[in-house]
Amino acid sequence: MTTPSHADPTPRTDANAFRFDLVAGLTAAAVVLPKAMAYATVAGLPPEVGLYTAFVPCAIYGLLGSSRVLSFSSTTTLAILAGAELGTVAPNGDPARLIAATATLTALVGVFLVLARLLRLGFVANFISSPVLTGFKAGVGLVILLDQAPKLLGVHFTKHSFFADAVALAHHLTDASPPTLAVAVATLAFLIGAEWLRPHSPAPLVMVGGAILASWLLGLAAHGVATVGVIPQGLPALTLPDLSLARDLAPGALGLALMSFTESIAAARAFARPNDPPINPNRELIATGAANIGGAFLGAMPAGGGTSQTGVVFAAGGRSQMTSLVTAAASLATMLALAPLLGLLPNATLAGIVIVYSAGLIQPREFAAIHRVRTMEFWWAVAATLGVLVFGTLQGVVVAIILSVIGLGSQTAHPRVSVIVRKRGADVLRPLSPDHPDDEMIEGLLILRPEGRLFFLNVQNVADQVAALQAQYRPRVLVLDMSRVPDIEFSALQTMIEADKRATERGAQFWLAGLNPAALEMARRSGFDQQLGRDRLLFNARVAIERFKTMSAETPK
């Protein structure tokens, strides 16, 4: 995705602002509505469900959300996750059960988001690490491409798992329908060309209109090209969730809620202008939760904020959530007036729209950038991708979360412990490095600086590093510079008390310097500050150096 320009445009009058929002909303509708219909088919739902999702949730978010430009409807990730979950409770595609299951799943997603707000869990927006999310989305993108490929070819086979389906697709290549394939090639060529020449253009709307016209003039259905079929005209019917399905759908709804919130926050932050109000995660939980709950009763599938569609609003000059209300109104007008025409739309065209706008989930450049920075996190991204392909999309959410937790644990369990030296001829303290061979250490004094919070998971690792460095340098005074340690957990404090005892047994002194307020409070509560005394509890590393020099000068040689 191209990085958006955040320059704030020239201030506008209210009339001008509404005009820009109107244009942005209509432009967004031209892109969002065809894609929303396509994403509904990804979830195994009728195309009109996409229109319902671009109507009710979009309007509710427009009234409650904290982002001025976030476009809220269905997304590729949510569609594939919803489809996998709905398939477990409605495997035969029974329409009545599918409608009830969709309403239940969407309502549960909304309820979980609202509960997260009540529990003040807005911080979960950052719960999945960026490399893991990159890998997860790539896996979802590959699943979507393979899922839609049979519709491009006009072939059918029973689906099982990603790799089994890939083999089955290869075996059915010779059975492809030439008319369907021709529609697919025309769709892909037009959309890819339009996206290359003019990103975020209303190309999907133009493609849908052209495909409907071709279907009518050429009688594509008579030539074996599958079409959408009858789309109900009018407002969506009131649908009640089925509580008997709630238990089976709850785990998947939790994963969908996490992804909806994560995607929404990411898109809202990416396109926020400098003068816009800050994105409020807890308010976003309420807005996204209410949007999903409201949508559940009027036929919508799980919804969230999408990066590509928000980019359309941003590029078109949208300045407020009036754009979302305009998009919702356009969806309503489509349901009331254009539904019969949409029934002529070839399924291959919808599949082509899904593929073109889902391919962006697969970002080889992001994988390469991660690999350049940290090889380990690159393998986390790869593992997240394989987790989706091997275990399935919903299980892939769990894999992504587990990998993020492992990544966090790995980083916090191995904090850096630096040997601090002084730049020769200057009052500069910095870590010992081969890049600065002239830096000097004071004989008999070893200053070590751990970095990060010290707690039960990492304190033994820090203690081992300290012990190894102490054995290497054999100082008379060991100083721990705690200026980079925001807090000390009880287990870590006990380890430090033991380190003081061991240093004394070896004939060395143990000093602490630069304790932060939280860490100092822990030392006081435990009495460790009394054990050290003023002479060994120092303000910072520089004071420790001066204290050591004074002590060395007073000691008889």
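The paragraphs below move from a helix pair to two buried residues beside it in the chain's contacts, and then to the salt bridges.

This is a predicted model, in which local features need pLDDT of at least 70 and side-chain atom pairs count only at pLDDT 80 or more, while totals for chains, interfaces and linings use all residues. Residues are numbered from 1 along each chain as its sequence is written, and side-chain values use heavy atoms, with hydrogens and water left out.

Helix 4, residues 76-89, packs against helix 6, residues 130-153, at an angle of about 65 degrees, and their axes are 10 Å apart; helices here are DSSP runs of H or I with at least four residues, and strands are runs of E with at least two, both numbered from the N terminus. The axes are lines fitted to C-alpha atoms, for helices over the stretch in contact, and angles run from 0 to 180 degrees between N-to-C directions. Helix 4 and helix 6 are therefore roughly perpendicular to each other, on a scale where angles under 35 degrees count as roughly parallel, over 145 as roughly antiparallel, 65 to 115 as roughly perpendicular and the rest as oblique. The crossing of helix 4 past helix 6 is left-handed, a term that applies if the near helix is turned anticlockwise from the far one by less than a right angle, with clockwise giving a right-handed crossing. On the side of helix 4 the contact (heavy atoms within 4.5 Å) is made by Thr76, Thr77, Ile80 and Leu81, and on the side of helix 6 by Phe136, Val140, Val143 and Ile144. Sorted by class, these residues are six nonpolar, two polar and no charged, where Ala, Val, Leu, Ile, Met, Phe, Trp, Tyr, Cys and Pro count as nonpolar, Asp, Glu, Lys and Arg as charged, and the others, Gly among them, as polar.

Thr75 is placed in the loop between strand 1 and helix 4, and at 5% relative accessibility Thr75 counts as buried; buried means under 20% relative accessible area, exposed over 50%, and partly exposed in between, with a 1.4 Å probe and protein chains only. Leaving aside residues up to four places away in sequence, Thr75 touches Tyr39, Glu263, Gly304, Gly305 and Gly306. Glu263, in turn, lies in helix 10 and is buried, with a relative accessible area of 8%. With the sequence neighbours up to four places away again not counted, Glu263 touches Thr75, Thr77, Leu78, Lys137 and Gly305.

A salt bridge is taken as a side-chain nitrogen of Lys or Arg within 4 Å of a carboxyl oxygen of Asp or Glu, and by this rule the count comes to twelve. One of them joins the side chains of Asp276 and Arg68 at 3.2 Å, N to O. This pair links distant parts of the chain, 208 residues apart, with Asp276 in the loop between helix 10 and helix 11 and Arg68 in the loop between helix 3 and strand 1. Asp276 counts as buried at 11% relative accessibility, whereas Arg68, at 32%, counts as partly exposed.

A salt bridge within a helix is formed by Glu498 and Lys501, at 3.8 Å from N to O; being three residues apart in helix 19, they are separated by about one helical turn. Glu498 is partly exposed, with a relative accessible area of 38%, and Lys501 is partly exposed as well, at 43%. Finally, Arg422, Arg424 and Glu440 are linked in a network of salt bridges.
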